[in-house]
Each structure stands twice: as C-alpha cells, then as structure tokens.
There are 2 protein chains.
Amino acid sequence: MKRKITLKQIARELDVSISTVSKALRNSAEISEDTKQKIQAFAKLYNYRPNNIALSLKNRRTNTIGIIIPEIVHHFFSKVISGVELVANKRGYNVIIGLSNESFSKEVINMEMLANGSIDGFILSMSKETLKLQDYHHFNETMTQGMPIVMFDRVVSDVKCDKVIVDDFNGAKKAVGKLIENGCKSIALITTKDYVSVGKLRTQGYLEALEEHQMPPKAELILKIDESLDYEAHLEGLEKEIEQLFQSNPKLDGVFAVNEIYALLAMKVARKLGLDVPNDVQVIGFTDGVLSKHATPSLTTVSQHAQHMGEKAAELLIDKLESEFNSADEVFQTVVITTDLVERESTK
Amino acid sequence: MKRKITLKQIARELDVSISTVSKALRNSAEISEDTKQKIQAFAKLYNYRPNNIALSLKNRRTNTIGIIIPEIVHHFFSKVISGVELVANKRGYNVIIGLSNESFSKEVINMEMLANGSIDGFILSMSKETLKLQDYHHFNETMTQGMPIVMFDRVVSDVKCDKVIVDDFNGAKKAVGKLIENGCKSIALITTKDYVSVGKLRTQGYLEALEEHQMPPKAELILKIDESLDYEAHLEGLEKEIEQLFQSNPKLDGVFAVNEIYALLAMKVARKLGLDVPNDVQVIGFTDGVLSKHATPSLTTVSQHAQHMGEKAAELLIDKLESEFNSADEVFQTVVITTDLVERESTK
DNA sequence: GAAAGTCACGAAAACGTTTTCGTGTTAAGA
DNA sequence: TCTTAACACGAAAACGTTTTCGTGACTTTC
C-alpha cells in the first residue's frame with residue numbers, strides 16, 4: 001500500500017527543490033528542457049497527481065458544488081441532479097449531495113457542514129418544513145459569507161438569489177385548458193396545501209384556465225391534500241379521499257393532479273368505479289416521471305424538464321463563481337423553464 | 001460579504017497567538033479559564049467554524065466518501081444512495097457522487113478525479129461497459145494507493161474488496177418456485193445478456209427452481225435482451241420481442257422478469273393478447289421499484305432492499321476507514337442481502 | 001576585463017489547522 | 001535566598017501546493 005507520491009518526494013528523489021518540480025510539471029519556461037523532461041518522466045512513471053485538498057486550500061476554491069435536496073428517491077430530484085452533474089463535470093466541478101429529508105434542521109446542519117470550506121456554492125430546493133416555518137436565515141447567512149446559492153423549483157421571494165423555476169402557473173393552465181378543449185365540463189383539481197409554492201401556483205393556473213373559459217370554479221371539485229404526512233405510507237387514505245371526490249361529484253369528467261401519484265390514484269379510483277379513462281374521465285398529471293410513461297393507460301402529463309433545470313442551475317452557479325466581479329454586482333436572475341404537455345393515453 | 005473568520009484573525013484581534021486560540025477552542029487544560037472564556041465568547045460571536053479543507057489537509061482524511069454509480073435516475077441506485085447518506089451522515093461523513101453513465105472511461109475519469117485527496121474511500125457499482133471489457137485496473141490501482149473500495153450489486157470476483165450483493169440466485173429461485181407452487185406449468189424468463197452478473201445469477205436461479213421441480217427448461221421460453229441498447233428508447237422493440245415470446249408459447253402461464261420494466265411490458269402484452277393477469281398468466285419481477293407498487297395490477301416482485309444495501313456498504317467502508325489496523329489485515333467481506341418476495345396482485 | 005544581462009534554480013511565504021516542544025513568570029519548598 | 005515545579009502561553013513544524021522573489025553562475029557587450 002504505497003501512498004500517493006507528492007512533490008516533496010519527487011524533489012528529494014531527483015535532488016532538486018520542490019519549486020523546481022512544481023514548475024517543471026506546469027511546463028514553466030523558467031526550467032531547462034533537460035530537467036523538465038527528467039522530472040516529467042519521473043512524475044508520469046509514478047503517476048503523480050496534485051492533491052486536490054492542498055490545491056483547494058491554496059486557491060481557496062474547491063471546484064465542488066453542493067446540492068441540498070429534500071430527498072433523492074424521487075424521479076424529479078434525481079433528474080435534476082443528473083443535469084447538474086452533467087454540466088458540473090463538463091466544467092471541472094464535482095458534486096456533493098446533502099439530503100434534508102424535508103426537515104428544516106437537517107437542512108441547516110447539512111448546509112453548515114458543507115459551507116465551511118467544502119464547497120464553492122449551493123444548488124438547493126427547500127424542504128417543506130422550511131417553507132412552512134418561513135425561516136430563511138441559513139440561506140442569507142451563507143450568502144453573506146460570500147457563498148452563492150441557486151435555488152430551484154421550491155423557491156421563495158424572500159431570499160434574494162439566482163433561481164430556476166418551472167412555469168407552474170402556465171403549465172397547469174395549459175393542462176386544464178387541454179381538458180376543456182377536449183370537452184370536459186367538470187374538472188377536479190387534486191393539489192397540495194398552499195404553503196408548498198408550486199402547489200399554489202398550479203392551483204392558480206387551474207383557476208385561471210377555468211375563468212378564461214367562463215367556467216365557475218367549484219370548491220367541492222378541489223381536493224387539497226396535506227402532504228406533511230408521508231404519502232407513500234398513506235396511500236389507502238389518499239385513495240379514500242379521491243374516491244369520495246368522485247362520488248360527491250358524479251358528473252366529474254376530468255382530473256388535473258399536481259403530481260404523478262395523485263393522477264395515478266385518480267385513474268385507479270376511476271377504474272374501480274367503472275369509469276373508463278379517457279372516455280369517461282380524462283386525467284392529466286404534473287411531472288414527467290417514470291410512472292406516467294409506464295402506467296396503463298399511460299398518463300398525459302405536464303413535463304417540467306427536470307434535467308434541463310439542473311443544467312441551468314449549474315450553469316448559473318458556475319457562471320457566478322467564475323465571474324471576477326462578484327463583489328458588488330448584486331444582480332440575480334430567475335430562469336423560468338417552460339413546460340410541455342406530453343400527451344399520452346389518458347386524454348382523448 | 002465578510003469572509004469566514006479564521007484562527008489567525010481571532011488571534012490578532014485578541015492579541016494572543018494562534019496556538020492559544022486553537023487550544024482555547026478545543027478546551028485545552030493548558031489555557032487559563034479567563035482566556036478560554038474570552039476566546040470562546042469571541043469565537044461564538046463571530047460564528048467561528050474550523051475550515052474543513054485545512055483540517056482535511058492536516059489530518060489527511062476528508063471524512064467524505066465517494067459514490068460512483070452508472071446512473072442516478074434509477075430507483076434502485078437512488079435508494080442505495082439514500083442508505084449510504086443516512087449512515088454516512090450519522091457517522092460524520094459527507095457523500096460525493098460521480099456518475100459513470102454506464103461508460104468505462106467516465107468511470108475511470110471520475111474515480112481519478114476523486115481519488116486525489118477528495119475522498120477517503122469509494123462505494124461503487126460498476127458500469128456495464130466495465131463489466132463487458134473486464135478491465136479492472138482502476139479499481140486495483142485505487143486500492144494499492146490505500147484507498148478502500150466497497151462494491152455493491154454489480155460485482156466481480158476478480159476485484160478483491162468488500163462487497164455487498166443481493167442474493168440474486170435465491171431471489172430468482174424463490175420467485176420461480178412461487179410461480180410453480182401457484183400452478184404455473186410453462187414459465188418464461190425475460191433476462192439480460194450474461195455479462196451482467198446479476199442477470200446471469202437470476203437466470204441460474206430460474207433454472208435451479210425448474211430443476212428442483214422436475215420441469216425441464218426450454219430454450220424457447222428464455223428471452224435474453226441485449227441491454228447495450230438504451231431500453232428507454234427501444235420500448236416498442238422490446239414489446240415486440242416479448243409479444244413474440246407469448247405468441248410462440250401459447251401455453252405460457254407464468255413470467256419471471258429480471259427487472260420491473262420487462263415485467264410491466266409482459267403484463268401489457270398479456271393484456272393486449274386478451275390474457276388476464278393473474279388468472280391466465282402470473283408475473284413476477286425483480287427490484288422493489290416504484291413502478292411495481294403503482295402498476296395495475298400491482299406487480300409481485302423480489303425486493304432487493306436497496307436502501308439496506310447502501311447502509312451496509314457505508315458501514316463496511318467507514319468501519320474499514322476507522323480501523324487502525326488497515327495495514328496488513330487484508331480480510332474482505334462479502335455481505336449478502338437476502339431478498340423478500342413481495343406479493344401483490346400479479347400473482348394468485 | 002569589468003558591467004550588464006540571461007539563465008536555471010532555490011528559499012520562503014501563503015492557504016488554515018493542530019500539536020509538540022520550548023520558555024518566561026510566578027509560587028512553593030528547603 | 002536559591003532551586004524546583006507548576007502554570008500559561010508562544011514559536012514552529014507539518015499537511016501539499018503555487019508563486020514571488022532572490023541569487024549564483026554564466027554569457028554577452030564594450
């Protein structure tokens with residue numbers, strides 16, 4: 001088990017100084033051709049690679065970016081990571097991840113852990129608990145210390161930083177518009193409680209689409225799910241709620257759900273009640289996850305281009321990191337990713 | 001934008017030496033109570049936190065572990081990461097990820113990038129290309145330099161290191177046994193080409209189960225899919241192949257597939273051909289992914305406990321990192337995670 | 001043959017820590 | 001009063017780099 005070789009060892013071995021070795025390996029004109037070749041050959045032989053940690057300490061930058069997300073076992077988030085990793089790698093950066101698990105305190109701890117020199121900047125999506133508590137001090141403190149943050153998807157206007165968001169409002173509007181076009185007269189919305197910003201925006205899009213077509217919204221058609229419960233564990237309860245929605249609205253012929261699971265459950269309930277999708281009731285979901293594609297019937301969805309979001313976020317962050325003038329130019333961008341309606345079998 | 005405060009600044013501010021500050025903050029008995037309190041108060045006021053990079057350089061350990069996986073947008077892998085992150089965090093480690101994208105060269109590059117001081121050890125699952133090329137020099141070189149590796153799921157006996165694997169053989173055997181118990185007489189296998197070790201083992205399990213029940217295997221019941229094509233892009237082709245399998249075996253009444261997608265497609269084809277699942281044909285898949293749970297009918301699967309694999313791998317790695325005697329005790333463990341059959345609606 | 005310039009290299013500082021080993025001051029013991 | 005011990009602190013090295021500056025040996029120039 002031989003340790004990695006260092007400049008010092010090469011220097012001692014070849015009987016020159018450390019500086020000479022360093023310069024030779026960086027091909028400095030200061031060093032004669034002879035010594036350069038000798039040193040480079042030796043270095044190659046022993047497979048010398050500069051120690052990243054030492055470089056980080058010297059340069060005061062790690063070329064690593066930190067991602068903090070609520071959970072990783074989630075198609076949307078892993079797709080975002082994938083995008084971040086793609087451009088990060090292309091531009092010579094590593095990616096380190098921290099999971100908040102939707103908990104405020106884990107988010108704070110994770111950020112503090114990484115902020116002490118481990119990374120150059122953050123890409124993050126807030127935990128539900130943080131959104132609920134509206135406590136953003138850790139973001140602001142991080143930024144005051146000169147560490148840039150790019151937020152995606154779950155953002156909040158109280159924090160001034162670069163952001164990448166999905167056009168939730170128009171995505172929802174487009175989807176509901178499609179249902180109306182397709183002849184739906186009674187369209188239900190299955191959404192989350194309002195403190196989740198994206199749920200709120202999608203709800204507004206739903207309402208706007210109705211209004212535009214002179215269809216008065218009805219409170220009994222809107223089902224707001226409390227997501228503080230882990231819904232994977234409460235699938236039956238959820239199903240019950242949705243079944244009730246169907247039963248108290250017998251004329252229901254369209255459903256817009258703010259995520260895949262809700263949409264799939266709606267289809268399941270519909271089938272159970274003897275309704276055919278898409279002939280009796282049409283369903284559209286949000287998020288281009290893997291479930292939508294492989295469901296039967298496959299689900300029409302509003303695609304949020306998660307990977308593209310990740311790429312954009314990484315570009316924003318790295319651009320900021322590499323701009324010299326990060327002293328006073330406090331201009332923050334918000335990039336809006338437009339959504340697409342991916343039509344599949346659950347709509348006509 | 002104030003930079004993070006350092007020991008040196010505190011020392012200058014309080015007119016003591018750097019050593020004194022360091023010792024005071026670590027509560028050394030060498031320093032008088034008075035000075036300790038003064039320094040600690042000052043440090044707390046300015047929210048001092050030691051710089052991780054400097055610590056890493058000094059201690060020659062980063063308390064960070066690297067994960068290299070083929071892709072992250074995959075329920076199994078993200079679940080594993082989730083497990084790794086859980087115990088890593090609990091034990092004071094960070095997690096940094098590299099994606100090989102199933103490519104040999106990206107795997108090599110990523111590992112080299114991280115091996116130069118950025119991390120203390122690897123947890124990884126090999127890319128398909130690496131498995132095909134059978135070129136393992138990068139693993140061996142990494143280990144020679146004193147950096148431990150724990151492999152999971154896709155492993156190979158040529159590399160001597162700690163491993164965490166799924167009991168693919170018995171999992172498959174159990175599944176096929178279940179189908180036989182349930183009365184299936186003609187059971188198809190949908191698997192991958194043999195170079196993917198897990199595919200091979202699951203195939204052997206299938207054969208063993210048949211043999212144990214005195215059912216001769218038939219070549220026409222075994223469909224080997226070439227996974228070098230990205231199957232997400234070749235779903236139709238895949239479906240065709242499976243349809244052919246059904247048509248050339250009209251008495252088919254059971255299907256064992258080595259992953260979710262194949263199993264779902266089998267169900268889809270069955271439905272298309274007018275066969276009821278599970279009454280006419282029963283289906284079992286491998287991997288407890290999200291698709292199985294939400295499919296209709298929901299899919300009976302062999303659960304591999306991905307999260308548990310990740311936890312185990314992390315424990316193995318960290319234990320090795322923290323054992324003092326990592327000099328000569330070249331004992332490598334292979335932990336086998338037993339599978340469970342999760343029965344759902346696709347079997348009787 | 002002396003002044004000036006070029007060449008090739010080394011010494012040392014710096015990044016932010018921790019830790020070992022002094023060292024000066026004071027108090028206790030003889 | 002002198003020695004010794006305890007106490008409280010500082011200097012410096014070390015981790016592995018890069019880079020600035022200095023310097024000795026040679027070569028060129030008049």
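## Touching the bases

A:Lys23 puts a polar side-chain atom 3.4 Å from a base oxygen of DNA strand D, a polar contact in the sense used here (a pair of N or O atoms within 3.5 Å; within protein, one must be able to donate a hydrogen and the other to accept it, and residues adjacent in sequence count only if both atoms are side-chain atoms). Over on chain B, a polar side-chain atom of B:Ser19 sits 3.2 Å from a base nitrogen of the strand. The backbone gets a partner too: an N or O atom in the side chain of A:Ser22 is 2.9 Å from a phosphate oxygen of DNA strand D.

A word on the ground rules. This is a predicted model, where local features need pLDDT of at least 70, side-chain atom pairs count only at pLDDT 80 or more, and totals for chains, interfaces and linings use all residues. Residues are numbered from 1 along each chain as its sequence is written, chains are lettered from A and ligands numbered from 1 in the order in which they are written, and side-chain values use heavy atoms, with hydrogens and water left out.

## The surface around strand D

There are 28 residues around DNA strand D, and A:Lys58, B:Thr20, B:Lys23, B:Glu30 and B:Thr35 come nearest; "near" here asks for a heavy atom within 4 Å. Looking from the DNA side, 57% of the strand D atoms within 4 Å of the protein belong to sugar or phosphate, and the rest to bases.

Which helix gives the largest share of this surface? That's helix 2 of chain A, with four residues. Among the other helices that supply at least two residues each are helix 1 (7-14) of chain A and helix 4 (52-59) of chain B; helices are DSSP runs of H or I, at least four residues long, numbered from the N terminus.

## Domains of chain A

Chain A splits into domain 1 (7-50), domain 2 (63-165 + 307-336) and domain 3 (168-304), with bounds from an automatic or database domain assignment. The C-alpha centres of domains 1 and 3 are 65 Å apart.

An unreviewed UniProt entry marks "domain: HTH lacI-type" at residues 5-59 of chain A. That stretch is 67% helix and 0% strand, with its end C-alpha atoms 21 Å apart.

## How the two chains pair up

A turn of 180° and a shift of 0.0 Å along the axis lays chain B on chain A with an RMSD of 0.1 Å, superposed by least squares on the C-alpha atoms of residues with pLDDT of at least 70 in both. The two copies are thus related as by a two-fold rotation axis. B:Ile96 comes closest to that axis among the residues of chain B, at 2.0 Å (C-alpha).

Notes: UniProt positions are given in the numbering used here, feature names are shortened, and annotations may be inferred rather than shown by experiment.
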